Amino acid sequence: MESNLSRILNMNRHQLSGQLYKYTNVTKGWQYRWFTVDAQAGLLSYYLCEPANDDSNPNIVGNAPRGQVHLAGAVICPSDEDSKTFTVNCASGDMMKLRAGDARARQEWVDGLRAIVESHSNTTASLAPRDQLAAHDAFGAARQQMQQCELSNAALARAIENLTTPLSPTDPDLLMLKALSAANTHCLLQCLGLLQRHNELADARLEPTF
């Protein structure tokens with residue numbers, strides 16, 4: 001039977017290597033980058049690139065990736081900002097804010113990356129089988145809750161933006177509620193990443209050395 005990872009990768013192989021925009025900072029804003037995914041190694045890499053003169057792939061600058069992150073233990077979440085943006089919250093605490101070309105491309109990236117995360121998030125190999133299962137179930141349930149939290153946050157933001165009189169989407173209290181919801185969601189994502197990273201380090205200390 002075909003695994004979930006194989007199914008997703010076969011469906012989205014063309015989307016798991018392609019153009020995304022990466023948010024750098026307030027000064028530089030969004031930067032055009034070429035992203036590739038090594039599904040077997042669980043690595044997401046990106047390269048500097050220059051747009052091509054036609055519809056072909058852009059010209060990649062250099063052979064070495066500009067940056068690279070491990071996907072094991074990461075949390076992949078669509079953003080409530082628009083239908084194209086999503087975040088990769090790594091177990092190390094690093095976070096990538098990315099933007100696809102359209103909503104369909106974003107969903108394909110999110111589905112593909114989540115499948116790879118699931119296949120590489122076995123961070124409890126040094127535990128007894130029963131404890132491994134309990135820890136795996138706990139982190140899996142936490143990731144599902146965070147995904148639901150992200151969706152609820154996005155629904156709240158849309159509800160506020162679509163308000164009509166007598167309420168206004170620019171009401172200070174509603175803007176504060178929207179900001180607090182987004183900030184709390186981001187904080188919880190960071191906490192989950194830290195917990196997973198702590199679990200990885202604890203397992204590493206328990207592994208025997210020869």
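# A tour of the predicted model

Under a cut-off of 2.5 Å between cysteine sulfur atoms, the count of disulfides in this predicted model comes to zero. Start by selecting Cys77 and Cys149. The closest cysteine sulfur to that of Cys77 belongs to Cys149, and at 8.5 Å it is too far away for a bond. Cys77 is also buried, with a relative accessible area of 0%. Next, select Cys187 and Cys191. Cys187 takes part in no disulfide, and its nearest cysteine sulfur, that of Cys191, lies 4.3 Å away. Unlike a buried residue, which stays under 20%, Cys187 is partly exposed, with a relative accessible area of 43%.

## The whole chain

Now show the whole chain as a cartoon. Four helices and eight strands make up its secondary structure. Which order do the elements follow from the N terminus on? They run α-β-β-β-β-β-β-β-β-α-α-α. Of the 210 residues in the chain, 37% are buried. Switch to a surface view: the accessible surface comes to about 12600 Å², and carbon and sulfur atoms hold 54% of that area. If you draw a contact map, take the contacts with a separation of 6 or more; residues 24 or more positions apart account for 50% of them.

## Strands E1, E2 and E8

Select residues 17-25, which are strand E1, together with E2. The two strands pair in the antiparallel sense over eight bridges. They form a hairpin, with three residues between them. Add residues 95-99, strand E8, to the selection; E8 runs antiparallel to E1 and is joined to it by two bridges.

Lys22 is a useful place to stop. Lys22 stands opposite Gln31 in E2, and Lys22 also stands opposite Leu98 in E8.

Move to Arg33, which is found in E2, a strand that covers residues 29-38. Is Arg33 buried or exposed? Arg33 is buried, at a relative accessible area of 14%. To see its surroundings, leave aside the neighbours within four places in sequence. Arg33 is then in contact with Gly18, Gln19, Leu20 and Lys22, and also with Tyr46, Tyr47, Leu48 and Cys49.

## Strands E6 and E7

Return to Cys77 and select the strand around it, E6, at residues 75-78. In a regular strand, side chains alternate between the two faces of the sheet. Val75 and Cys77 lie on one side of E6, with Ile76 and Pro78 on the other. Both faces are covered, and these four residues are all buried.

Add E7, residues 85-89, which pairs with E6 in the antiparallel sense over four bridges. Six residues make the hairpin connection from E6 to E7. Within the pair, Ile76 stands opposite Val88 in E7.

## Helix H2

Select residues 103-120, helix H2, and place a distance between its end C-alpha atoms. What span should its 18 residues have at 1.5 Å a residue? The expected span is 26 Å, and the end C-alpha atoms are 26 Å apart, which agrees.

At the start of H2, show Asp102 and Arg104. A side-chain oxygen of Asp102 comes within 3.2 Å of the backbone nitrogen of Arg104. Then colour the helix by burial. The buried residues are Ala105, Arg106, Glu108, Trp109, Val110, Gly112, Leu113, Ala115, Ile116 and Val117.

Ser119 is also in H2. Ser119 counts as partly exposed, because its relative accessible area is 29%. Select Leu71 as well: 48 residues separate Leu71 and Ser119 along the chain, and their C-alpha atoms are 9.5 Å apart.

## Helix H3

The last stop is helix H3, residues 129-161, where Ala155 has its place. Ala155 is partly exposed, with 35% relative accessibility. Pick Asp80 too: Ala155 and Asp80 are 75 residues apart along the chain, with 7.9 Å between their C-alpha atoms.

Asn153 is placed in H3 too. Asn153 is buried, with a relative accessible area of 5%. What does Asn153 touch, not counting residues up to four places away in sequence? Asn153 touches Asp80, and with it Ser181, Ala182 and Thr185. Keep Asp80 selected to see both relations, the contact with Asn153 and the C-alpha separation from Ala155.

Definitions and conventions:
Residues numbered from 1 in each chain as written. Predicted model: local features only at pLDDT ≥ 70, side-chain atom pairs only at ≥ 80, totals over all residues. Heavy atoms only, no water. Expected span 1.5 Å × (residues − 1). Buried < 20%, exposed > 50% of the residue type's maximum accessible area, 1.4 Å probe, protein only. Polar contact = N/O pair within 3.5 Å; in protein donor to acceptor, adjacent residues only side chain to side chain. Contact = heavy atoms within 4.5 Å. Pairing = 2+ DSSP bridges. Areas by Shrake-Rupley, 256 points an atom, 1.4 Å probe, with all protein chains shown as cover.
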